[in-house]
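Thank you for making the time this morning. I would like to take you through one model, beginning with the chain as a whole and then stopping at two of its residues.

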Amino acid sequence: MKKGVILRFRVMALLAGVMSLLLWFVELPVVYLLDNPELAARVKWIPFVHGYIYAFYVLTAIHFAVKARYSVRQMILFILAGTLPILSLIAERRVAKNYR
């Protein structure tokens, strides 16, 4: 498999993981637990950026799974890995370990 496909997946998995962590542990607590509209306005960009990055993560996960000839089940697991903060980082580590 070409290194570009692996590198693209790894970068997107890391970005999706970091943005998911920011969403879950910065934006959501600020908006729903703190009563500070000024602070909430400062983190308003996080869900938008997370949404775009997750969409690109899904496309790269599908592209990687097809190139790696993974089953549909494995492809779906890679896509779902982007929904939980740490799971996409774990998926990235496994890909890095398996494709050195």
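Before I give you the first figure, let me fix one word: a residue is called buried when its relative accessible area is under 20%, exposed when that value is over 50%, and partly exposed in between. What share of the 100 residues in the protein chain is buried? On that definition, buried residues account for 34% of them.

I should say early on that this is a predicted model, and that the mean pLDDT of the protein chain is 92, with 100% of its residues at 70 or more. Confidence is highest in helix 3, residues 45-67, where the mean is 95, and lowest in helix 5, residues 87-98, where the mean is 90.

As for the architecture, the protein chain contains five helices and zero strands, and so, read from the N terminus, the order of its elements is α-α-α-α-α. Taken along the principal axes, the box filled by the C-alpha atoms is roughly 50 × 20 × 20 Å. If we consider the contacts between residues at least 6 apart in sequence, 69% of them join residues that are at least 24 apart.

Turning to the surface, the protein chain exposes about 6800 Å², of which carbon and sulfur atoms supply 68%. With regard to charge, there are 13 positive and 4 negative side chains, and the centres of these two sets lie 26 Å apart.

Now to the first of the two residues, Leu 22, which sits in helix 1, residues 3-32. Is Leu 22 buried, exposed or partly exposed? Its relative accessible area is 26%, and because partly exposed covers values between 20% and 50%, Leu 22 is classed as partly exposed. Leaving aside residues up to four places away in sequence, Leu 22 touches Glu 27, Trp 45 and Ile 46. The C-alpha atom of Leu 22 is also separated by 8.8 Å from that of Pro 47, although these two residues are 25 apart along the chain.

The second residue is Arg 69, which belongs to the loop between helix 3 and helix 4, the latter being residues 72-81. What is the phi of Arg 69? It is positive, at about 60°, although Arg 69 is not a glycine. Arg 69 has a relative accessibility of 76%, and because that value is over 50%, this residue counts as exposed.

I will stop there, and I am glad to go back to any part of this.

How values were computed. Residues are numbered from 1 along each chain as its sequence is written. This is a predicted model: local features need pLDDT of at least 70, side-chain atom pairs count only at pLDDT 80 or more; totals for chains, interfaces and linings use all residues. Side-chain values use heavy atoms; hydrogens and water are left out. pLDDT is the predictor's confidence in each residue, from 0 to 100. Helices (H or I, at least four residues) and strands (E, at least two) are DSSP runs, numbered from the N terminus. Buried means under 20% relative accessible area, exposed over 50%, partly exposed in between (1.4 Å probe, protein chains only). Contact means heavy atoms within 4.5 Å. Accessible areas come from the Shrake-Rupley method with a 1.4 Å probe; for residues, only the protein chains shown count as cover. Lys and Arg count as positive and Asp and Glu as negative; His and the chain ends are not counted. The place of a charge is taken as NZ of Lys, CZ of Arg, CG of Asp or CD of Glu.
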